[in-house]
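Work through the exercises below with the sequence and the coordinates at hand, trying each task before reading its solution.

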Amino acid sequence: NRRQMTLIFPSILDQVNDEKKHSMAGQMTLFDIAGDDLKSEFEIRMPEVDEFPREMLLTFEKEVLGVYISGHPLEEYVDVMDKNVTARSDEFAAEEETGTARIPDGKEVVIGGMITEKTVKFTKNNQAMAFITVEDLVGTVEVIVFPRDYEKYRDLLTEDGKVFVMGRASVEEEKDAKLICREIRGFDEGKKELWIQFPDMSAYESRQQELFDAISDMDGEDAVVVYIAAEKCMKRLPAQWNIGVNEDTKSALEDIFGAKNVKVVQKHIEFGRKRY
């Protein structure tokens with residue numbers, strides 16, 4: 001895998017450089033005169049390590065090639081984006097035929113994606129503001145964040161940060177439209193529900209106490225929903241059983257009830273202004 005190759009890369013370079021030095025000096029090395037059996041002992045071997053995490057792998061692809069090859073960092077967030085986004089980046093692109101973007105000037109929308117660029121500038125009053133580029137699965141949108149909003153949301157404005165931005169479209173002729181920021185939310189700010197499936201009611205009743213014991217120390221604000229497959233019914237547990245949904249709690253419940261029976265459902269994010 002690519003992580004293995006990255007780890008042995010320096011050793012390969014060192015070996016090649018050493019061979020060149022000896023060759024230029026007219027010297028022979030042990031590797032030149034050794035038999036095949038002995039040579040195998042000097043070969044550089046791949047370390048036993050797993051591949052880079054998917055998101056890191058994609059980041060490296062973009063850095064080196066300028067494009068993603070094996071996927072996109074936002075693919076796993078399609079569900080939460082579908083619940084919150086009201087406009088995609090391609091609506092902001094100026095069209096060849098008309099010279100303007102499809103999105104109407106002044107329309108308030110929510111876009112979502114990953115911050116790929118950020119430029120901070122200062123106004124005449126020495127207040128910081130930002131120009132950020134938000135990339136979704138089809139393109140990019142430039143977002144203007146004025147000083148008041150920059151101070152409020154600056155902690156979210158990090159490169160590779162995944163955000164939803166609510167704002168007003170600014171459209172000019174012969175240019176891609178921009179978004180004037182009014183509100184920013186992180187991808188993880190929406191409420192979640194954790195659904196646990198049981199094959200039938202008797203299975204749920206027999207494991208109910210096991211479920212309560214498992215979630216008793218997972219304090220949080222996310223609801224737990226029980227789904228009974230045979231009866232096709234659901235039961236939302238009382239608020240006292242709410243948990244904090246994260247990778248650790250999800251993994252712990254998957255170990256107990258099976259990965260196919262545990263699912264996290266992301267709810268839409270409430271913005272301060274009217275949602276469009």
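A residue is called buried when its relative accessible area is under 20%, exposed when it is over 50%, and partly exposed in between, with a 1.4 Å probe and protein chains only. The model is a predicted one, in which local features need pLDDT of at least 70, side-chain atom pairs count only at pLDDT 80 or more, and totals for chains, interfaces and linings use all residues. Residues are numbered from 1 along each chain as its sequence is written, and side-chain values use heavy atoms, with hydrogens and water left out.

**Exercise 1. Salt bridges between distant parts of the chain**

Task: Find the salt-bridge partners of R54, E108 and E193, and assign each residue to its accessibility class.

Solution. Begin with the criterion, by which a salt bridge is a side-chain nitrogen of Lys or Arg within 4 Å of a carboxyl oxygen of Asp or Glu. Side chains of opposite charge can pair when their charged atoms come close. The structure holds 16 such bridges.

Step 1. R54 pairs with E75, and their closest N and O atoms are 2.6 Å apart. This pair links distant parts of the chain, since R54 sits in helix α4 and E75 in the loop between α4 and α5, 21 residues apart; helices here are DSSP runs of H or I with at least four residues, strands are runs of E with at least two, and both are numbered from the N terminus. R54 is partly exposed because its relative accessible area is 40%, and E75 is partly exposed because its value is 42%.

Step 2. E108 pairs with R182, with 1.8 Å between the closest N and O atoms. The bridge again links distant parts of the chain, as E108 belongs to strand β1 (residues 108-122) and R182 to strand β5 (residues 178-186), 74 residues apart. With a relative accessible area of 12%, E108 is buried, whereas R182, at 28%, counts as partly exposed.

Step 3. E193 and R236 meet through their side chains at 2.7 Å, N to O. They too link distant parts of the chain, E193 lying in strand β6 (residues 192-198) and R236 in strand β8 (residues 233-236), 43 residues apart. E193 counts as buried because its relative accessibility is 7%, while R236 is partly exposed at 44%. Elsewhere, salt bridges that share partners join E183, R185 and E189 into one network.

**Exercise 2. The largest pocket and the largest cavity**

Task: Describe the lining of the largest pocket and that of the largest cavity.

Solution. Rolling a probe the size of a water molecule over the atoms shows where empty space is left. On a 1 Å grid over the protein atoms alone, a cavity is a set of points where a 1.4 Å probe fits but cannot get out, a pocket is an open set with protein on both sides within 12 Å along at least five of seven lines, and lining residues have an atom within 4 Å of a point.

Step 1. The largest pocket contains about 600 Å³ of space. Its lining comprises 16 residues, of which Y77, K192, E247, V264 and Q266 are the closest to the centre.

Step 2. At least two lining residues come from each of α5, α8 (247-257) and β9 (262-266), and β9 gives the most, with four. By class, the pocket lining has six nonpolar, two polar and eight charged residues.

Step 3. The structure holds one cavity of 30 Å³ or more, and the volume of the largest cavity is about 30 Å³. A87, R88, S89, I111, G112, V134, D136 and V141 form its lining, which divides into four nonpolar, two polar and two charged residues.

**Exercise 3. Positive phi outside glycine**

Task: Where does D160 lie, and where does K232 lie?

Solution. Most residues other than glycine have a negative phi.

Step 1. D160 has a positive phi, near 75 degrees, and is placed in the loop between α6 and β4 (162-170). D160 counts as partly exposed because its relative accessibility is 42%.

Step 2. K232, also not a glycine, has a positive phi of about 50 degrees, and lies in the loop between β7 (219-228) and β8. K232 is exposed, because its relative accessible area is 69%.

Methods:
Points joined across faces, edges and corners; volume = space filled by probe spheres on them. Nonpolar A, V, L, I, M, F, W, Y, C, P; charged D, E, K, R; others polar.
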